[in-house]
Amino acid sequence: MIQIRPVSDLRNKFPEIETIVNSGNPVFLTKNGYGSMVVLSIEEYDHLANNVEMKLDEADRQAATTTKRLSHDDVFGKVRSAIHGK
């Protein structure tokens with residue numbers, strides 16, 4: 001279940017927020033009713049960052065083996081389609 005909390009919960013209910021993020025789930029914080037930030041465990045952040053780095057390294061290796069280049073629309077159109085299941 002998505003956890004959306006007011007940013008004041010970070011101060012007032014830190015142990016509860018900590019338990020949620022340590023279980024691998026992000027907590028989305030709001031300020032004045034608007035999205036403000038996301039809190040992740042260090043492990044989850046590291047996992048996300050490593051996945052991005054791995055994909056960028058893979059793209060660099062692929063780019064080095066061909067002269068074919070993709071446009072911004074080609075790349076992000078595929079990403080959006082994958083995210084939205086189209």
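Start by selecting Asn32, which sits in the loop between β2 and β3 (34-39). Keep in mind that this is a predicted model. Check the backbone here: Asn32 isn't a glycine, yet its phi is positive, at about 55°. Is Asn32 buried or exposed? It counts as exposed, because its relative accessibility is 70%, and the cut-off for that label is over 50%.

**Into the core**

From the loop, move on to the nonpolar interior. Select Ile17, Ile20, Val21, Val27, Leu29 and Val39 together: these six residues form the largest nonpolar core. Now colour by secondary structure. Helix α2 (14-22) and strand β2 (27-31) each put at least two residues into this core. Which element gives the largest share? That's α2, with three residues.

Stay with one core member for a moment and show what surrounds Val39. Skipping neighbours within four places in sequence, Val39 is in contact with Leu10, Val21, Asn25, Pro26, Val27 and Leu29.

**Arg5 and its partners**

Next, select Arg5 and show its side chain. Arg5 belongs to strand β1. Buried or exposed, would you say? Arg5 is buried, since its relative accessible area is 13% and buried means under 20%.

Now bring up the polar contacts. The Arg5 side chain pairs with the side chain of Glu16 at 2.8 Å. Draw another distance to the side chain of Gln3, and you get a polar contact of 3.1 Å. Add Asp9 to the selection as well: its side chain and that of Arg5 are joined by a polar contact of 3.4 Å.

What else does Arg5 touch, once residues up to four places away in sequence are set aside? The list runs Lys13, Glu16, Ile17, Ile20, Val27, Phe28, Leu29 and Thr30. Among the core residues, that takes in Ile17, Ile20, Val27 and Leu29. For a backbone view, put a distance between the C-alpha atoms of Arg5 and Phe28: you'll read 6.2 Å, for residues 23 apart along the chain.

**Gln3, along the strand**

Slide down to Gln3, also in strand β1 (residues 3-6). Gln3 is buried because its relative accessible area, 18%, falls under the 20% cut-off. Beyond neighbours within four places in sequence, Gln3 is in contact with Ile20, Pro26, Val27 and Phe28. Two of those names, Ile20 and Val27, should be familiar from the core.

**Asp9, in the helix**

Then pick Asp9, whose place is in helix α1 (residues 8-12). Asp9 counts as buried too, because its relative accessibility is 8%. Leave out residues up to four places away in sequence, and Asp9 touches Phe14 and Ile17. You've met Ile17 already, as a core residue.

**Last stop: a patch on the surface**

Finally, switch on the surface and select Leu70, Val75, Phe76, Val79 and Ile83. Together they make a nonpolar surface patch of about 430 Å². Zoom in on Val79 to finish. Where is Val79? In helix α4, which covers residues 72-84. Val79 is partly exposed, because its relative accessible area is 37%.

Note on methods
Residues are numbered from 1 along each chain as its sequence is written. This is a predicted model: local features need pLDDT of at least 70, side-chain atom pairs count only at pLDDT 80 or more; totals for chains, interfaces and linings use all residues. Side-chain values use heavy atoms; hydrogens and water are left out. Patches are made of residues with over 30% relative accessible area and no salt bridge: like charges are joined within 9 Å, nonpolar side chains (Val, Leu, Ile, Met, Phe, Trp, Tyr) within 5 Å. Accessible areas come from the Shrake-Rupley method with a 1.4 Å probe; for residues, only the protein chains shown count as cover. A salt bridge is a side-chain nitrogen of Lys or Arg within 4 Å of a carboxyl oxygen of Asp or Glu. Helices (H or I, at least four residues) and strands (E, at least two) are DSSP runs, numbered from the N terminus. Buried means under 20% relative accessible area, exposed over 50%, partly exposed in between (1.4 Å probe, protein chains only). Contact means heavy atoms within 4.5 Å. A polar contact is a pair of N or O atoms within 3.5 Å; within protein, one must be able to donate a hydrogen and the other to accept it, and residues adjacent in sequence count only if both atoms are side-chain atoms. A nonpolar core is a set of buried Ala, Val, Leu, Ile, Met, Phe, Trp, Tyr and Cys residues joined through side-chain atoms within 4.5 Å.
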